[in-house]
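Q: I have a protein on my screen and would like to understand the labels people attach to it. Could we go through them together?

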Amino acid sequence: MRTIFTNCRLIDGTGAAAVDAATVVVSGQEIAWCGPSVDAPSPADGDLVVDLGGKSVMPGLFNVHVHLALRLPFPERRIDQFERGYRTLLMYRRALEAITTGTTSVRVIGEAHFTDMDVRAIIDKGVLPGPRIKAAGAALIATGGHGHNSMSCLEASGVDGFRQAVREQIRAGADFIKICLTGGIGTPGEKPSDKQIADDELRAVVEVAHANNRIVASHTGGTGPIKDAVRAGVDCIEHGYEFDDEAAAMMAEAGTFLVPTLCVTQELDYMRRHGVQEWMLDKAKAAAAEHIASIRRGVAAGVTICNGTDLLPSDPVDGTVATIREVELLVETGLTPLEALKAATHNSAKVCGLLGLTGTVEAGKRADLLVIDGRPDQTIRDLRNIRLVMKDGAIFRNELSEVNAPGLVAPGVDLVGGTFAKVY
Ligand SMILES: [Zn+2]
C-alpha cells in the first residue's frame with residue numbers, strides 16, 4: 001500500500017521555490033514520486049490518498065548539535081551525574097522526544113562512555129524506533145580545556161595524544177570527530193575566543209580523521225581560532241561565537257559548514273529555568289550580541305549554515321521546541337525562511353553525510369517527511385504547526401484525521417519534550 005499526499009505545497013529542501021498543488025507518493029520506506037499533481041501517477045487499488053488541503057510537505061528537520069545526556073546546571077568539576085545504563089536510557093527517551101517533535105535526524109556531538117553509539121545501534125538495527133543518529137563519541141579537548149568539567153569530553157595533549165584520542169573514537173564507531181578548539185560558555189575560567197588546542201595537535205586530528213573518511217567538527221569561537229581551523233582543514237565550525245568578515249570569507253571559500261547554535265546565547269530564559277549559575281549566564285549574556293552579529297557576517301558571506309541547538313531538540317523554548325526555535329533564529333541572521341529550511345534539512349543532511357539518503361524530498365530518498373499547516377517557506381513561524389512526522393515511511397506523530405495512525409504512543413509517558421524537570 002502506498003500513501004499518496006495530494007493537494008499539498010511541496011518544499012523539497014533544496015532551496016527551490018515551493019511547488020503548489022503538488023503530490024508526494026510514499027511507498028514502503030521511500031518517496032516513490034513527488035512533483036506537480038498534474039503529472040502525478042494515478043492511485044492504484046489499496047493506495048491511501050490523503051488530501052492535505054494546501055498544507056506543506058517538507059523534509060524532516062535535522063538538529064546537528066545535540067548532547068542527549070545534557071544536564072543543567074553544569075557541574076564545575078567532572079562528576080558522573082548518571083549511572084551508565086540510566087544515561088543510555090535517558091538519551092534514548094530524549095531521542096524519541098526529538099522525533100515526535102519533528103527532528104527526524106540528530107547529530108550527537110559529545111557523549112560519555114560511547115552511549116551515543118548504543119542509542120544509534122538500537123535504532124539502526126530496528127530494535128526500537130527513533131530518529132536517524134550520527135555519533136561522535138567523546139568530544140576531544142585539550143587537557144584542562146573547554147568541557148573538562150563534562151563527562152562527554154576526553155582530554156588529550158600533544159600530537160600523539162590527540163592522534164590516539166581520534167583513533168579511539170573511530171575504533172568505537174564514530175561517524176565524525178568532535179573537538180573543542182577554544183573556550184566556551186559552559187566551563188568557568190576561560191573565554192570563548194581562548195585557543196586551547198595547538199596547531200600541530202589540530203593538524204594531527206584533521207589528518208587522522210580525514211585519512212579515515214571522517215569529518216572534523218570543531219567547537220570554535222574567536223576570529224583567530226576560526227581562521228586557524230579553516231587553514232588546518234576543519235570541516236565544520238560549531239557555535240562561531242565571534243568572527244570577522246575575513247574569517248567569514250575564508251569559511252565560504254573553503255566550504256566550511258557553520259552550526260551557529262544561537263539558542264545558547266539568545267535563549268537565556270531557558271538557562272535560568274534550568275538553574276544555570278550566574279557565571280555561565282554572564283558569559284552567555286556577554287557573548288550574545290557579537291554571536292548573532294558574527295553569524296550575520298557568515299550568512300552575508302555565503303557560508304553554508306546548518307541547524308543545531310546544543311539544547312535538547314525537544315525542549316520547550318519560547319513557545320516551541322529548540323530545533324524549531326533555532327530555525328527561526330537563523331531567519332533573524334539574514335537567511336530567508338526558504339534558506340533557513342534548507343539549512344535545517346539539505347545542508348544539515350550534507351554535514352552528516354546523509355544527503356544521498358535523506359534531507360530533501362526527492363524520489364528514491366527515504367520518506368523522512370513533515371506535514372505543516374501553513375507556509376513555513378514564507379512565514380517561518382508556521383514551522384511550529386507540525387501535523388505529521390514520518391521517518392522511513394513510519395508515522396511517529398499524527399494529527400491528521402484523514403490518516404489512521406496513532407503515531408508513537410508511550411502509555412503514561414508524555415513525549416512532548418521538556419524532560420529536565422521530570423527525569424532525574
Ligand atoms: Zn555542544
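A: Gladly, and let's begin with burial: a residue is buried under 20% relative accessible area, exposed over 50% and partly exposed in between, using a 1.4 Å probe and protein chains only. Please keep in mind that this is a predicted model, where local features need pLDDT of at least 70, side-chain atom pairs count only at pLDDT 80 or more, and totals for chains, interfaces and linings use all residues. Residues are numbered from 1 along each chain as its sequence is written, and side-chain values use heavy atoms, with hydrogens and water left out.

Q: Why is Lys227 called buried?
A: Its relative accessible area is 12%. The limit for buried is under 20%, so Lys227 counts as buried.

Q: What makes Lys227 and Glu246 a salt bridge?
A: A salt bridge needs a side-chain nitrogen of Lys or Arg within 4 Å of a carboxyl oxygen of Asp or Glu. Here the N to O distance is 2.7 Å, so the pair of Lys227 and Glu246 fits the definition. The two partners come from distant parts of the chain, 19 residues apart: Lys227 is in helix H5 (residues 223-232) and Glu246 in helix H6 (residues 245-254). The helix and strand names refer to DSSP runs, numbered from the N terminus: helices are H or I with at least four residues, strands are E with at least two.

Q: What do Arg120 and Asp175 tie together?
A: Their side chains meet in a salt bridge at 2.7 Å, N to O. Arg120 sits in helix H2 (residues 115-124), and Asp175 in the loop between helix H3 (158-172) and strand E11 (177-180), so the bridge ties together parts that are 55 residues apart in sequence.

Q: Which of the labels, buried or partly exposed, belongs to Arg120, and which to Asp175?
A: Arg120 has 14% relative accessibility and therefore counts as buried. Asp175, at 27%, is partly exposed.

Q: How many salt bridges does the structure hold?
A: The structure holds 32 salt bridges. Some of them share partners, and in this way Glu267, Asp318, Arg325, Glu328, Glu332 and Arg384 are joined into one network.

Q: How do you know where domain 1 and domain 2 begin and end?
A: The bounds come from an automatic or database domain assignment. That assignment gives 2-60 + 360-398 for domain 1 and 61-351 for domain 2. The C-alpha centres of the two domains lie 30 Å apart. Each domain brings 27 residues to the contact, where contact means heavy atoms within 4.5 Å.

Q: What is the area buried between domain 1 and domain 2?
A: The size of an interface is often given as the accessible area lost when the parts come together. Buried area is that loss, found with a 1.4 Å probe and summed over both parts. For domain 1 and domain 2 the value is about 2100 Å², with 66% from carbon and sulfur atoms. On the domain 1 side, Ile380, Arg384 and Phe396 supply 29% of the area buried against domain 2, more than any other three residues.

Q: How many salt bridges are counted between domain 1 and domain 2?
A: The count is three salt bridges. Arg132 and Asp392 make a salt bridge too, with their closest N and O atoms 2.7 Å apart. This pair links distant parts of the chain, 260 residues apart: Asp392 in the loop between E19 and E20, and Arg132 in strand E8 (residues 132-135). Both partners are buried, because Asp392 has 16% relative accessibility and Arg132 has 9%.

Q: What makes the side chain of His274 a polar contact partner of Tyr270?
A: A polar contact is a pair of N or O atoms within 3.5 Å; within protein, one must be able to donate a hydrogen and the other to accept it, and residues adjacent in sequence count only if both atoms are side-chain atoms. The His274 side chain reaches the backbone oxygen of Tyr270 at 2.7 Å. His274 is in the loop between helix H8 (268-273) and helix H9 (278-301), and at 16% relative accessibility His274 counts as buried.

Q: Why is Ser37 called partly exposed?
A: Ser37 has a relative accessible area of 27%, so the label is partly exposed. Ser37 belongs to the loop between strand E3 (30-36) and strand E4 (48-51), and its side chain reaches the backbone oxygen of Ala22 at 3.1 Å.

Technical notes:
Buried area is the accessible area (1.4 Å probe) that two parts lose on being put together, summed over both.
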